[in-house]
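Colleague: I am new to this structure and would be grateful for a close look at one part of it, namely the packing of a pair of helices. Please place that part in the setting of the whole chain.

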Amino acid sequence: MTYCLNKNSPISQTQSRLLQLLDKVLPCVTRPLVLKWSTTQDTLTEISEWLESHPREVVILACRNFEGMTEDLHEYLVACIKNIFGDMLCPRGEVPTLRQLWARGQQVIVSYEEASVVSRHAELWPGIPYWWGDQVKAQELIRYLERMKSCGRPGGLFVAGINLTENLAYVLGHPSESLQKMTLPSLPCLRAWVREQCPGPGARCTNVIAGDFIGADSFVGDVVGLNAKLLHR
């Protein structure tokens, strides 16, 4: 979830030294570019309203990248989450089935990558592992995901991300493009990989699959269709 990002926001210290150097020398160039390539997220309220009209849908809110967040800001963010979603929140514990969530009226699992905050709030789950390939090209991303599968799945929930990621060289070489323009031509290739996956508890099985701009094609149907494979076992 992108949090309060604007064109005046400094470059994160986790980014490359070259990008940080360019930010110091040419902030008027680098910061608008970073903002352009950052995906704008729906607000928590919009998500809540959507869930109210789709009672059998479940979402995972992944809260991460808390650089610069104070304890007071953490508590404020958690209070907002609790206030907006209320009884929709699934408290941490054993990973529930969809039927269990439906029976309880729970639709939101909050993954929060700050252990000290998680320990204070039963509504928060520890950070869910996310296989993020950090690749510009779809074939390189697929190779990364297959390599992760060969190492065996984590216990509990985990996410296989089919998100392409722009790097500094790509952004500087394509200043007029966006993450969406980079991603859309690769969706057919990534969807083909999705359809080959198998859900379930096996060592090479996938659990949650996440991607960007999924409304642009049949990604959702492809993921839901994987569950049919379980019925034929």
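Modeller: Helices, of at least four residues, and strands, of at least two, are DSSP runs numbered from the N terminus. On that basis the chain, which is a predicted model, comprises twelve helices and six strands. It has 233 residues, of which 34% count as buried. About 13,600 Å² of the chain is exposed, and carbon and sulfur atoms supply 56% of that area. Of the contacts between residues at least 6 apart in sequence, 69% join residues at least 24 apart.

The pair of helices may now be considered. Two packed helices are described by the angle between their axes and the distance between the axes. Helix H10 spans residues 187-195 and helix H11 spans residues 219-226; their axes lie 9 Å apart and form an angle of about 10°. Because angles under 35 degrees count as roughly parallel, H10 is described as roughly parallel to H11. On the side of H10, the contact is made by Arg-191, Val-194 and Arg-195. On the side of H11, Phe-219, Asp-222, Val-223 and Leu-226 take part.

Phe-219 also leads to a strand. Ala-210, which belongs to strand E6 (residues 208-210), touches Phe-219. Beyond four places away in sequence, the other residues that Ala-210 touches are Tyr-130, Val-159, Ala-160, Gly-161, Ile-162 and Asn-163. The C-alpha atoms of Ala-210 and Trp-132 are 9.9 Å apart, although 78 residues separate the two along the chain.

The cysteines deserve a separate remark. A disulfide requires a pair of cysteine sulfur atoms within 2.5 Å, and the count by this rule is zero. Cys-198 is in no disulfide, since the nearest cysteine sulfur, that of Cys-205, is 5.9 Å away. Cys-198 is partly exposed, with a relative accessible area of 33%, whereas Cys-63 is buried, at 4%.

For a view of another region, one may turn to Gln-107, in the loop between helix H5 (98-104) and strand E2 (108-112). Gln-107 has a relative accessible area of 7%; it counts as buried because this value is under 20%. A polar atom of the Gln-107 side chain lies 3.2 Å from the backbone oxygen of Leu-51. Leu-51 is also one of the residues that Gln-107 touches beyond four places away in sequence; the others are His-54, Pro-55, Arg-56, Glu-57, Val-58, Val-59 and Met-88.

How values were computed:
Residues are numbered from 1 along each chain as its sequence is written. This is a predicted model: local features need pLDDT of at least 70, side-chain atom pairs count only at pLDDT 80 or more; totals for chains, interfaces and linings use all residues. Side-chain values use heavy atoms; hydrogens and water are left out. Buried means under 20% relative accessible area, exposed over 50%, partly exposed in between (1.4 Å probe, protein chains only). Contact means heavy atoms within 4.5 Å. Accessible areas come from the Shrake-Rupley method with a 1.4 Å probe; for residues, only the protein chains shown count as cover. A polar contact is a pair of N or O atoms within 3.5 Å; within protein, one must be able to donate a hydrogen and the other to accept it, and residues adjacent in sequence count only if both atoms are side-chain atoms. Axes are lines fitted to C-alpha atoms, for helices over the stretch in contact, and angles run from 0 to 180 degrees between N-to-C directions. Angles under 35 degrees count as roughly parallel, over 145 as roughly antiparallel, 65 to 115 as roughly perpendicular and the rest as oblique.
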